[in-house]
Amino acid sequence: MSDPNQVMNRRSRFIEAASRGKILANKCVKCSHSTLETAYFCEKCSSDLSTTEEYDGLGKVVTFTIQSVAPEGFTDAGLYAWVVFRVDGAPFKVSGFLKDIHAPSDLPIGSKVQVTGFDEKHGLLLKRV
Amino acid sequence: MPCMRNKVCVLGAGSTKYGKLNESVVELALDASKEAINSAGIAPKEIESGYISNVFGVSDKQVHMAPVIMSNLGIPYTPGLTIESACGSGSIMLREAYANVAAGFYDCVLAVGVEKITQVGTVQSTTLFSYCSDFFYEGGNGASFPGLFASIARAYLTRYKATEEDLAYVAVKNHENGILNPKAHVRKKITIEDVMQSPVVASPLKLYDCCPFSDGASALILCSEEFAKKKGKSYVEIIGSGRGASPAAVQSREDITTIPSTVNAARQAYEMAKITPRDVDFAEVHDCFTIAEVIDTEDLGFFKKGEAAEAIRSGATKRKGEIPINPSGGLKSKGHPIGATGVGQVVEVFEQFTGKAGDRTIHEAEIAVTHNFGATGASAAVHVFKKIK
């Protein structure tokens, strides 16, 4: 029987790694495809057998927006960007919160960003590098 | 391709006005249902099952909505169920209703979509909508729905030769259509300048790139062809139905400028209907944001990838263009009560094909498509309709 706390455990492991500036993933033992820690099965071959791998939380911006009208919990964050970035050396993208972005010219597509942590209020925290 | 036992028809349709409304979520559903029942010329007792789409009933103190609606229609012993799939709830519910009639379980069903959200205000609505995203990666990191589509827009505008002004043409065209729709939420003519000068919500999207939060309900009576013929009234046949899915999070899509659920649902629906996109006379598509209509019209096969923006600017999607898109005004002008939207699109098709669309009639149209998706396209359904002469 599956562990009813598994979602929490997987997310907790992802968050713990993000708190250290890392992105946690799973590498499928059957087909070697890598997926984020929060996925239960390999999206390529459906295997649930994997080994844990950790990526440096560095990547390049693929797209982003600057939220002028923020949802609840972010209304005190000032102008910030929600960013999708491709993780260096990984086949996947991740998204996160990047504060103090005031105009699109502050963050050209392809800019380098780095994971700096994770907090309950704003999620995956990023900075420009 | 699935083997369907029965042809499925739309025999009646009804809708409330869309907008900021005073009625409760249940009253809205009942008002639209009554109009659909009267439109079909049936008695409630002829309905064998009810299908309800709704997302935020809890915000108006009513979940488990189906039994409440069926009871107030005077048919408390007729089963019903409620289906939720974010902004795509209406069309995905329609698909389930369609499948049950096609399979022969029922001859006549009610399909009603409803939403009541404006009473909670803009900030709370924005927050509730963000729960429709993959919240751990999106809403939880500060992305609102305008923000998610803005990131899609930036990816599109970066890759293709398109501009923010091109997006504005979608808004202007849909408002032109919505003015002709007496039930539309925002019946107001706007200009390109109005769109470009409206406040930024989530760059590059501005206020007039975004549909409004709306209350409203739309309802249909679906039935077998045999049932429809016995009634002797005008009806519309559903000749294609497709469903698709995409990774829930934008970050997990290989290509952010296309929505796989739309592509796959359209392929299935066209194959079932034995048509190509060239056979379509008009379409109601999911234009929650202007960028969505640009991408939808490419994913539905009306334009090649990267060419929709220019086509829209040239007028190809106007009511008298080569492929009219959203003659109802779309989500942008007609409004977006998210549980009702996918059903409301079919109400427009029914009105177009039964002579009730007034000044927004697409003359000589015989084949129409509806396209509606949930969230950023994580779920979608496409249906094809044929006018029965």
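Of the 129 residues that make up chain A, 38% count as buried, and in chain B, which has 389 residues, the buried share is 63%. These values, like the others that follow, were computed from a predicted model. The two chains are taken in turn below, and then the places where they meet.

Chain A contains 1 helix and 8 strands, and a reader who follows its sequence meets them in the pattern α-β-β-β-β-β-β-β-β. Its C-alpha trace spans about 45 × 30 × 20 Å along the principal axes. If one takes the contacts in chain A between residues at least 6 apart in sequence, 47% of them join residues at least 24 apart.

The domain assignment of chain A gives domain 1, covering residues 6-55, and domain 2, covering residues 57-128. The C-alpha centres of domain 1 of chain A and domain 2 of chain A lie 21 Å apart, and the two domains touch through 11 residues of domain 1 and 13 residues of domain 2. On the domain 1 side of this contact, the elements that give two or more residues are helix H1 (6-19), strand E1 (22-28) and strand E2 (34-36) of chain A. The residues on that side of domain 1 divide into 6 nonpolar, 4 polar and 1 charged.

Chain B has 13 helices and 11 strands, and its C-alpha trace spans about 55 × 45 × 35 Å along the principal axes. For a chain of 389 residues, a compact globule would have a radius of gyration near 21 Å, and the 19 Å of chain B agrees with this. Among the contacts in chain B with a separation of 6 or more, residues 24 or more positions apart account for 77%.

A good place to enter chain B is strand E2, which comprises residues 49-53 of that chain. E2(B) is mostly covered, since 5 of its 5 residues are buried, and the covering extends to both faces, with B:Ser49, B:Tyr51 and B:Ser53 buried on one side and B:Gly50 and B:Ile52 buried on the other. E2(B) is joined to E4(B) by 5 bridges, and these two strands run parallel; within that pairing, B:Gly50 has B:Leu110 of E4(B) as its bridge partner. E2(B) also pairs with E3(B), again in the parallel sense, over 4 bridges, and here the bridge partner of B:Ile52 in E3(B) is B:Thr82.

Helix H2 of chain B, residues 65-72, has B:Met65, B:Ala66, B:Val68, B:Ile69 and B:Met70 as its buried residues. The buried residues of H2(B) pack against helix H1 (25-40) and against strands E2 (49-53), E3 (80-83) and E4 (108-115) of chain B, so that the paired strands just described appear again among the partners of this helix. H2(B) is followed by B:Gly74, whose phi is positive, near 80°.

In soluble globular proteins, nonpolar side chains tend to be buried together. Here the largest nonpolar core has 161 residues, and those with the most contacts inside it are B:Ala29 and B:Ala111. This core draws at least three residues from each of domain 1 (6-55) and domain 2 (57-128) of chain A. Which residues surround B:Ala29, once its neighbours within four places in sequence are left aside? B:Ala29 is then in contact with B:Ile52, B:Met65, B:Ile69, B:Val112, B:Val114 and B:Ala217. Of these, B:Met65 and B:Ile69 are among the buried residues of H2(B), while B:Ile52 is one of the buried residues of E2(B).

The last region to consider is the contact between the chains, which takes 27 residues from chain B and 28 residues from chain A. On the side of chain B that touches chain A, the elements giving two or more residues are helix H4 (122-130), helix H5 (145-159) and strand E5 (200-203) of chain B. H5(B) gives the most to this side, with 7 residues, and the residues of the side as a whole divide into 12 nonpolar, 13 polar and 2 charged. Strand E5(B) also takes part in pairing across the chains, where 2 bridges join it to strand E4 of chain A, residues 58-67, and the two strands run antiparallel. In this pairing, A:Gln67 has B:Ala202 of E5(B) as its bridge partner.

Definitions and conventions: Residues numbered from 1 in each chain as written. Chains lettered and ligands numbered in written order. Predicted model: local features only at pLDDT ≥ 70, side-chain atom pairs only at ≥ 80, totals over all residues. Contact = placed C-beta atoms within 7 Å. Nonpolar A, V, L, I, M, F, W, Y, C, P; charged D, E, K, R; others polar. Pairing = 2+ DSSP bridges. Core = buried A, V, L, I, M, F, W, Y, C linked by C-beta atoms within 7 Å. Buried ≥ 20, exposed ≤ 12 C-beta atoms within 10 Å, placed from the backbone. Domains from an automatic or database assignment. Rg over C-alpha atoms; globule rule 2.2 N^0.38 Å.
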